[in-house]
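Me: I'd like to go through the ligand site and the ring pairing here. Can you take my questions one by one?

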Amino acid sequence: MTIYDNARAVLERAKLASERAGHAVTVVAASKMNSAGHVREAFEAGIRAFGENRVQELEEKLAQNAYEGAAVHFIGHLQKNKVKNVVGRVDLIESVDSPELLRLIGRRAEALGIVQDVLLEVNIGRETTKSGADAGDIPALIDEAAKIPSVRVLGLMAIPPNSGDNEKTAVFFEEMRKLFVDMGAKKYDNISMCILSMGMSADFETAIAHGANLVRVGSAIFGQRDYSKK
Ligand SMILES: *Cc1c(COP(=O)(O)O)cnc(C)c1O
């Protein structure tokens, strides 16, 4: 199977899941460790959003105009000293998990005269190895964001524990859906809970069934990543 065929198949599966769930879904192709050429191939197949989790790779592919015509999301852990490299260069930063990061992004966006769209990342499985804020800290993070007009919070993102069992993962997806709905009750000018980003290659249809309207799919589109090369 080519990237083109894989991407068509993933878009079709997402479309069917979206119809079953009764809400629209955006497929973000997680293109880490894939070349600009691979990104273009997925674009040709109809993918209109890409996610990168390493700043250097993002910059390389931006310089090659890899994402032309598509949205770009930053989906990885964002180090404080890399904030300036990302703000204003991506459509959405999906992985904001601390008040400090919010403030740094806000300061950079303000200097650029823009409003940066972000999602708040939730460590829904409370895993020590993962980034993301505790679910219990999300209300405070939203209150903090409300004070920063150069940042706009559009929703939540999560990467649940990888158990390999979609029924177990679904419990976390449900917790996220509940948090997402609860947070939607907070009314601030620069906060609107409209994006719930969860679900990857192994479980994106389950995620959609549990409320995800943005899924991040890597290996099902680009094939298995070969980490031995890096
Ligand atoms: C790589 C990555 C994905 C996609 O993972 P697959 O299992 O290959 O689909 C999703 N989200 C983030 C944050 C990623 O880094």
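**Ligand and rings**

Reply: Sure. A backbone N or O atom of Ser 219 lies 2.8 Å from an oxygen atom of the ligand. This is a predicted model, where local features need pLDDT of at least 70, side-chain atom pairs count only at pLDDT 80 or more, and totals for chains, interfaces and linings use all residues. Residues are numbered from 1 along each chain as its sequence is written, and side-chain values use heavy atoms, with hydrogens and water left out.

Me: What makes the approach of Arg 216 to a nitrogen atom of the ligand a polar contact?

Reply: A polar contact takes a pair of N or O atoms within 3.5 Å. A polar side-chain atom of Arg 216 is 2.9 Å from that ligand nitrogen, so the pair qualifies. Arg 225 also has a side-chain N or O atom 2.9 Å from a ligand oxygen.

Me: Why is the pair of Phe 50 and Tyr 67 called tilted?

Reply: Rings of Phe, Tyr and Trp (its six-membered ring) pair if their centres lie within 6.5 Å; planes under 30 degrees apart are stacked, over 60 edge-to-face, and the rest tilted. The count comes to 1 aromatic pair. The centres of Phe 50 and Tyr 67 are 6.1 Å apart and the planes sit at 45 degrees, so this pair is tilted.

Conventions:
Polar contact = N/O pair within 3.5 Å; in protein donor to acceptor, adjacent residues only side chain to side chain.
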